[in-house]
Amino acid sequence: MRNPMTRRAGFAGLAVASIVILAGCGTGGSTAEGPAALTELGDPEGAVSILAWPGYVEDGTNYPEYDWVSGFEEATGCMVTTKTYGTSDEAVSLMKTGDYDVVAASGDASLRMMVAGDVQPVNTDLVPSYAGIYDFLKNQSHNSLDGVAYGVPHGYGANLLQYNTEVFAEAPTSWSVVWEANSPYAGKITSYDSPIYIADAALYLMKTQPDLGITNPYALDETQFAAAVELLKVQRTNVGEYWSDYLAQAQSFTTGDSVVGTSWQVITNVLQGEGAPIEAVLPVEGSTGWSDTWMISATTEAPTCAYLWLEHMADPETNAMATGYFGEAPSSDAACSFREDCEAFHAGDAAYAAQLWYWTTPTAECLDGRTDAVCMDYPAWTQAWQEIKG
Amino acid sequence: MRLSMTSKIGLWVTTALTLAFIYVPILVVVLNSFSTSRTLSWPPPGFTTEWWGKALTNAGALSAISTSLIVAAASTVIALLLGTALSFALHRFSFFGKSTVNLLVVLPIALPGIVTGIALNNAFRTMLDMQLGWFTIIVAHATFCVVTVFNNVFARLRRVGTSLEEASSDLGAGIWTTFRLVTFPQIRSALFAGGLLSFALSFDEIIVTTFTAGSGVQTLPIFILDNMFRPNQAPIVAVVAVVMILIAIVPIYIAQRLTTTDNR
Amino acid sequence: MTTVSSSAPDRVGESPVRASLARRGSVFLYRHAKVRLALLLSAPLFWLGLVYIAALVALLITAFWTVDSFTGEIIIEWNITNITKVVGDALYHAVTLRTVGAALLVTAIDIVIALPIAFFMAKVASRGVQRALVIAILMPLWASYLVKAYAWRSILAQDGIIDWMFGPLGGSSPGYGFEGAVLTLAYLWLPFVILPIYTALERVPDSLLDASSDLGAKTGSTFRHIVLPLIVPGIIAGSIFSFSLTLGDYIAVKIVGGATQMLGTLVYSNVGVANNLPLAAAISLIPLAIIFVYLGAVRRTGALNNL
């Protein structure tokens with residue numbers, strides 16, 4: 001599916017291919033030496049082709065007020081062609097064709113591309129706006145390799161606990177409301193419909209059952225994984241709906257078919273905008289979330305246009321428009337001066353961001369660095385998810 | 001048929017109820033297209049014509065509609081050619097494996113869309129190493145559209161028989177002349193009806209399309225699906241749906257007229 | 001179908017007509033039935049055989065392969081791991097039963113709704129009403145499937161249209177779940193069931209019905225003993241639509257099905273999310289087998305010509 005939102009499922013990682021690469025190359029990924037980063041920009045090449053999630057490159061075709069391509073084309077002379085993709089998997093295989101100069105990649109896809117050498121290191125000095133980007137987004141495991149930056153952060157967001165204020169007199173502070181076995185809200189709880197949601201259960205267990213020794217909700221050995229699955233099976237009896245699209249989720253909260261469950265800030269905002277009695281919190285346990293990165297192809301013939309595009313997307317005004325359109329936090333404080341809803345998205349709140357576990361692909365090699373254990377990989381997560389739903 | 005008064009009233013009432021069942025959801029769509037709720041919440045909190053204005057100037061919607069029209073037209077043309085040829089072959093000849101061919105035509109529509117979809121996706125991508133796009137969608141759609149044309153034309157051929165054609169060739173007309181002047185007029189409305197159904201089938205197909213469209217081509221159903229996931233624009237989709245129903249009246253009406261005229 | 005005409009004069013047999021290539025082709029074809037047949041069959045068979053059957057067979061073959069979870073590549077190594085998994089695993093049993101149950105329910109609901117309206121259209125209504133009704137039934141086909149499925153969310157919702165209409169009578173909406181999905185699917189496929197039944201009814205001669213009632217049969221028994229046997233192929237043709245469309249659906253189920261999982265959902269999540277084509281292929285053998293059994297059973301009724 002090619003939706004800006006369902007893609008979150010894609011985020012999760014679909015791809016078995018990553019496992020290979022990760023496992024095959026070892027933790028260091030030392031074999032992945034792409035070309036060296038550019039040292040200075042040349043003349044714009046006249047064209048740039050971009051691979052991105054739907055909603056990331058809007059030229060006004062869909063909604064005239066959302067256009068951050070035309071201005072770029074006029075200013076730089078780089079004509080933009082766009083291809084959208086539906087899953088991280090698709091992105092990875094499309095990047096291998098070498099047809100694209102720039103890609104907007106999510107956590108799992110970006111890692112695979114870096115390790116496989118499909119994208120090149122980025123000289124952040126050539127991206128003036130990079131300096132303004134939140135530090136907590138820079139040099140993360142999904143956008144850098146051995147301390148070398150491979151891209152420019154785009155936007156991020158969290159999976160929140162959303163609830164109906166008419167049902168909850170007091171705001172819930174813990175995810176426990178969706179995990180309790182004998183929930184008073186049985187049949188009106190909603191959960192995100194993707195195998196990656198298992199990480200939400202793992203995160204809850206990480207905080208509430210320290211005996212299990214979970215240190216990263218994406219690195220679960222057999223026992224830990226079984227505990228998470230067990231928790232989800234208990235929850236299954238209370239779930240009224242597994243949601244995966246924005247509209248359905250918003251609808252069931254307005255009609256009262258759902259009263260509590262995992263959601264996104266953008267959905268909460270829309271519901272509040274319509275006067276629905278809905279609030280969302282980041283519970284004490286923290287949460288899962290996502291973070292995306294703009295990257296440049298290793299084989300690009302238009303490096304200057306590519307860098308100009310990265311700068312364009314990091315530019316506070318463009319970044320504000322693009323992330324605002326999609327419904328996520330922007331990458332810099334400066335962008336917030338062009339958006340009025342930054343506070344709602346907790347943009348720039350490092351403490352808030354620190355509580356987020358960004359989606360990434362679970363692999364057999366434990367992501368938390370354990371070498372004495374074998375972790376459950378993504379195919380196992382998928383299989384388990386189907387069994388949980390029954 | 002002569003019916004007792006009670007049976008007649010009963011039939012009128014059930015028919016009215018069935019129509020209500022069919023049109024209540026359509027009414028919901030119409031109301032949603034004027035709703036102030038961006039998430040199509042029910043009941044609509046207010047009335048606005050904002051979406052109609054936005055939808056009618058929405059470049060994405062317009063280009064998706066034209067994509068769908070092109071795909072539906074192309075696959076209908078292919079289906080017309082293949083379906084007509086097949087129905088002639090099956091009606092005029094008896095040959096070994098005839099019933100298998102008959103089953104073969106029905107298969108693409110009888111098998112669940114998801115099976116057809118992944119089978120074609122797998123064939124295009126891994127077997128033929130093709131890029132998914134216009135060509136693959138049209139091929140896929142034509143495959144399951146053949147059956148609608150086949151059934152209409154085959155049924156018509158059975159009804160009209162071959163006596164007129166025999167007369168024509170006895171009078172010295174060649175195969176082409178006979179086809180043009182005798183056979184074609186006889187099956188014309190069946191072609192139209194089959195073509196219309198095939199067009200509608202292709203126009204609204206989403207499951208097979210999802211698997212054969214890749215990400216380059218956006219048909220209307222895919223545009224709609226995408227928009228259901230875009231913040232704030234869901235009512236535009238309702239407008240598009242209402243417009244499509246209104247536009248569809250014309251071809252359906254023509255098909256109806258053609259068929260009834262033929263039957264007289 | 002067109003043939004280039006040639007200016008070269010030629011005579012064919014005793015015909016005084018000035019013959020052209022087209023003429024010669026026509027005569028040739030007239031005399032050679034097998035060539036005519038071959039010409040007619042070659043394109044469709046090429047298309048359906050090479051494009052469709054080859055694709056299906058290829059899909060079935062992948063079911064016997066596996067995905068290497070290490071490389072993500074499909075390993076071409078014959079084994080029946082996927083098949084045994086699908087046949088042996090309780091998950092697939094439960095989902096298969098649920099899906100077939102839904103397909104049967106949807107089909108039954110559709111036939112029950114379709115019979116009276118189709119009968120009314122074909123045998124009772126005046127020409128004008130008949131025409132209007134056919135248009136009325138065809139028109140919703142053009143309102144996107146997705147839009148209609150979302151409309152059903154409003155209908156099934158708490159305090160939605162069902163609650164509003166039947167609440168005073170003590171009824172309430174089944175909400176999002178299995179029942180909601182069955183209702184929605186029955187709605188979506190209804191026109192596909194009404195049309196073949198209507199066509200079949202139109203072919204039943206009025207004289208037959210009149211004769212039956214002249215001989216004293218009540219409306220009910222005329223319908224049961226005269227009409228029903230004649231339109232069975234039409235009913236079956238309609239049922240093929242509703243049955244197979246339900247068997248393969250995953251989008252409407254996702255929209256109104258709450259937490260319900262069907263075969264389509266499983267296939268989709270394996271191929272679309274997990275990238276495990278071999279397992280998806282193995283799962284899709286289930287609906288494939290069910291449909292083949294069904295088609296095999298109905299083949300003799302002539303229903304295949306009534307779709």
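Here is a short conversation about chain B of a predicted model.

Guide: Because the model is predicted, local features need pLDDT of at least 70 and side-chain atom pairs pLDDT 80 or more, while totals for chains, interfaces and linings use all residues. Residues are numbered from 1 along each chain as its sequence is written, and chains are lettered from A in the order in which they are written.

Visitor: How do you know what elements chain B has?

Guide: Helices are DSSP runs of H or I with at least four residues, and strands are E runs of at least two. By that rule chain B has 11 helices and 0 strands.

Visitor: What makes a residue of chain B count as buried, and what percentage do?

Guide: A buried residue has 20 or more other C-beta atoms, placed from the backbone, within 10 Å of its own. Of the 264 residues of chain B, 51% meet that mark.

Visitor: How do you know which residues of chain B and chain C are in contact?

Guide: The C-beta atoms of the two residues, placed from the backbone, must lie within 7 Å. On that basis, 76 residues of chain B are in contact with 81 of chain C. Helix 1 (5-33) of chain B gives the largest share of chain B's side, 13 residues.

Visitor: What makes residues on that side nonpolar, polar or charged?

Guide: Ala, Val, Leu, Ile, Met, Phe, Trp, Tyr, Cys and Pro count as nonpolar, Asp, Glu, Lys and Arg as charged, and the others, Gly among them, as polar. Sorted this way, the side of chain B that touches chain C has 60 nonpolar, 13 polar and 3 charged residues.

Technical notes: Buried ≥ 20, exposed ≤ 12 C-beta atoms within 10 Å, placed from the backbone.
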